[in-house]
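Some notes for your review follow. Please read them beside the model.

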Amino acid sequence: MAYWLIKSEPDAYSWDQQVADGTGPWTGVRNHSAKLNLQAMKLGDRAFFYHSNEGKEIVGIAEVVKEAYPDPTAKEGPWVCVDVKAVGPMPKPVSLAAIKAEPRLAEMALVKLSRLSVQPVTAAEWALVCKMGGWKG
DNA sequence: GCCAACGTTGGC
DNA sequence: GCCAACGTTGGC
């Protein structure tokens, strides 16, 4: 299984919205690096749900329930989306500040490539962030 | 094919 | 609101 981090501005699509929807398409990616990551996602992969701009913290965990397919919100171009399901909220949301304060997370894409909206997360990073967030999974 | 200008994202 | 980082565009 692989791990990811997906970013959304709460104004556009919040974790609460994802929870209310249960399963929903993750659309609107218009960046080639992010697109490649979407295409690499497999059924059952898990992803941190990160709120950018407002909150700036990992607020929940989602699971890939449908692999990459053409993004219906894209009028043109090779863009894709996946479907994700809300698995559960982080008991203690992990903030960007907390991640930056943790030396073992200094290499996270979230820190190094702050503008990339779909990022890979290593198994070690995943385990550590889960521990910091109090996630029992 | 290079590079300057511009737009967008996102942290502060 | 500002600015740094990055992607895209367009002139040459």
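Which residues of helix α2 (residues 32-40) are buried?

1. Basis. This is a predicted model, where local features need pLDDT of at least 70, side-chain atom pairs count only at pLDDT 80 or more, and totals for chains, interfaces and linings use all residues. Residues are numbered from 1 along each chain as its sequence is written, chains are lettered from A and ligands numbered from 1 in the order written, and side-chain values use heavy atoms, without hydrogens and water.

2. Helix α2. Ala34, Lys35, Asn37 and Leu38 are buried (under 20% relative accessible area, 1.4 Å probe, protein chains only). Helices are DSSP runs of H or I with at least four residues, strands runs of E with at least two, numbered from the N terminus. The four lie on the same side of α2 because they cover an arc of only 160° around the axis, taken from the directions from the helix axis to the C-beta atoms.

3. Packing and cap. The buried residues of α2 pack against β1 (3-8), β2 (23-26), β4 (57-70), β5 (80-95) and β6 (118-121), with contact meaning heavy atoms within 4.5 Å. Asparagine 31 caps the N-terminal end of α2. Its side-chain oxygen lies 3.0 Å from the backbone nitrogen of serine 33.

4. DNA strand B. Residues around the strand include Lys7, Glu9, Ser52 and Lys100 (a heavy atom within 4 Å). Sugar and phosphate make up 82% of the strand B atoms that come within 4 Å of the protein.

5. Polar contacts to DNA (N or O pairs within 3.5 Å). A side-chain N or O atom of tyrosine 50 is 3.0 Å from a phosphate oxygen of DNA strand B. For asparagine 53, a backbone N or O atom lies 3.0 Å from a phosphate oxygen of the strand. Arginine 115 places a polar side-chain atom 3.0 Å from a base oxygen of DNA strand B.

Methods. A polar contact is a pair of N or O atoms within 3.5 Å; within protein, one must be able to donate a hydrogen and the other to accept it, and residues adjacent in sequence count only if both atoms are side-chain atoms. Buried means under 20% relative accessible area, exposed over 50%, partly exposed in between (1.4 Å probe, protein chains only).
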